[in-house]
Amino acid sequence: MMRAELNGDELIARRHLAAEPERVWTAFTTPASIAAFWGGAHAWVPPESVIVDLRPGGEFVLDTRAPTGSTRRLRFVYVRIIVPRELVFDEPVTGLRTTVTITPADGGTNLTVHQRRLPAELRTTQAADGLTSILDALAAHLRH
């Protein structure tokens, strides 16, 4: 486990995954895989809530359910898609931009998730821990 780094209005997480880049790409671009890892340890994502319209201008939508039962709808808009190595998407309400970079490396994949323009309420250790948890869940998902 590598912890995400918080630096001002940016959050960066890097991870080496023991999976081919194509499998990592599929995990980030198919509803069933997104549902399997996106909530990390702090939430559950109902598979039927995930919508992926994988094109610039297309939406990526999902619901997260906390252990308390509260549900939060997340909506992102794809800005750039370079198959199979980069996804850039924005959260329209806050302006948060996420860049996912997938690079082949040492029999697996180096993954970088870089979030920019974090709103003040996400510039926290809790947000860094949340991203770390999501990537831990991704690694576990890819092992199965």
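Mentor: Two strands pair if DSSP finds at least two bridges between them. Keep in mind that this is a predicted model.

Trainee: In what order do the eight strands form the open sheet?
Mentor: The pairing in this sheet is antiparallel. The edge strands, β1 (5–7) and β3 (51–52), each pair on one side only. The order is β1-β2-β8-β7-β6-β5-β4-β3.

Trainee: Which residue is the bridge partner of Leu6 in β2?
Mentor: β1 and β2 (residues 10–17) run antiparallel and are joined by three bridges. In β2, the partner of Leu6 is Leu11.

Trainee: What angle does the direction of α3 make with that of β2?
Mentor: α3 packs on the sheet. It touches β1, β2 and β8. Its direction and that of β2 make an angle of about 20°.

Trainee: Which residue of β4 stands opposite Val52?
Mentor: β3 and β4 pair in the antiparallel sense, over two bridges. Their hairpin has six residues between the strands, and Gly57 in the turn has a positive phi of about 90°. Opposite Val52 in β4 stands Phe60.

Trainee: How many of the seven residues of β4 are buried?
Mentor: Buried means under 20% relative accessible area. Strand β4 (residues 59–65) is largely enclosed by the rest of the structure, because the number of its residues that are buried is five of the seven.

Trainee: Which residue in the turn of the β4 and β5 hairpin has a positive phi?
Mentor: Seven bridges join these antiparallel strands, and Glu59 stands opposite Val77 in β5. The hairpin has five residues between its strands. The residue with the positive phi, about 100°, is Gly69.

Trainee: Where is Pro84, and is the peptide bond from Val83 cis or trans?
Mentor: Most peptide bonds are trans. Pro84 is found in the loop between β5 and β6. With omega near -10°, the bond from Val83 to Pro84 is cis.

Trainee: What phi does Gly95 take in the hairpin of β6 and β7?
Mentor: β6 (residues 86–90) and β7 run antiparallel, joined by five bridges. Glu86 stands opposite Thr101 in β7. Six residues lie between the strands, and Gly95 takes a positive phi near 85°.

Trainee: Which residue of β8 stands opposite Val100?
Mentor: β7 and β8 run antiparallel, with nine bridges joining them. Their hairpin has two residues between the strands. Opposite Val100 in β8 stands Val113.

Trainee: Is Asp106 buried or exposed?
Mentor: Asp106 lies in the loop between β7 and β8. Its phi is near 45°, a positive value in a residue other than glycine. Exposed means over 50% relative accessible area. At 78%, Asp106 is therefore exposed.

Trainee: Arg117 also calls for a look. What is its phi near?
Mentor: Most residues other than glycine have a negative phi. Arg117, in the loop between β8 and α3, counts as partly exposed at 41% relative accessibility. Its phi is positive, near 60°.

Trainee: How far apart in space are Gln115 and Phe89, C-alpha to C-alpha?
Mentor: Gln115 lies in strand β8. It counts as buried because its relative accessibility is 15%. Its contacts beyond four places in sequence include Leu11, Arg97 and Leu131. Phe89 is 26 residues away in sequence, and the C-alpha to C-alpha distance is 9.6 Å.

Trainee: Which residues does Ser33 touch, not counting those up to four places away in sequence?
Mentor: Ser33 lies in helix α2 (residues 31–37). At 13% relative accessibility, it counts as buried. Beyond four places in sequence, it touches Thr26, Ala27 and His141.

Trainee: Which element supplies the largest share of the lining of the largest pocket?
Mentor: β5 (71–82), β7 (97–105), β8 (108–116) and α3 (125–143) each supply at least two residues of that lining. The largest share is eight residues, and it comes from α3.

Trainee: How many residues of that lining are charged?
Mentor: The pocket has about 970 Å³ of space and is lined by 37 residues. His42, Arg72, Leu74, Leu122 and Ile134 lie nearest its centre. The lining has 19 nonpolar residues and twelve polar ones, and the charged residues number six.

Notes
Residues are numbered from 1 along each chain as its sequence is written. This is a predicted model: local features need pLDDT of at least 70, side-chain atom pairs count only at pLDDT 80 or more; totals for chains, interfaces and linings use all residues. Side-chain values use heavy atoms; hydrogens and water are left out. On a 1 Å grid over the protein atoms alone, a cavity is a set of points where a 1.4 Å probe fits but cannot get out, and a pocket is an open set with protein on both sides within 12 Å along at least five of seven lines; lining residues have an atom within 4 Å of a point. Grid points are joined across faces, edges and corners, and a volume is the space filled by probe spheres set on the points. Helices (H or I, at least four residues) and strands (E, at least two) are DSSP runs, numbered from the N terminus. Ala, Val, Leu, Ile, Met, Phe, Trp, Tyr, Cys and Pro count as nonpolar, Asp, Glu, Lys and Arg as charged, and the others, Gly among them, as polar. Contact means heavy atoms within 4.5 Å. Axes are lines fitted to C-alpha atoms, for helices over the stretch in contact, and angles run from 0 to 180 degrees between N-to-C directions. Buried means under 20% relative accessible area, exposed over 50%, partly exposed in between (1.4 Å probe, protein chains only).
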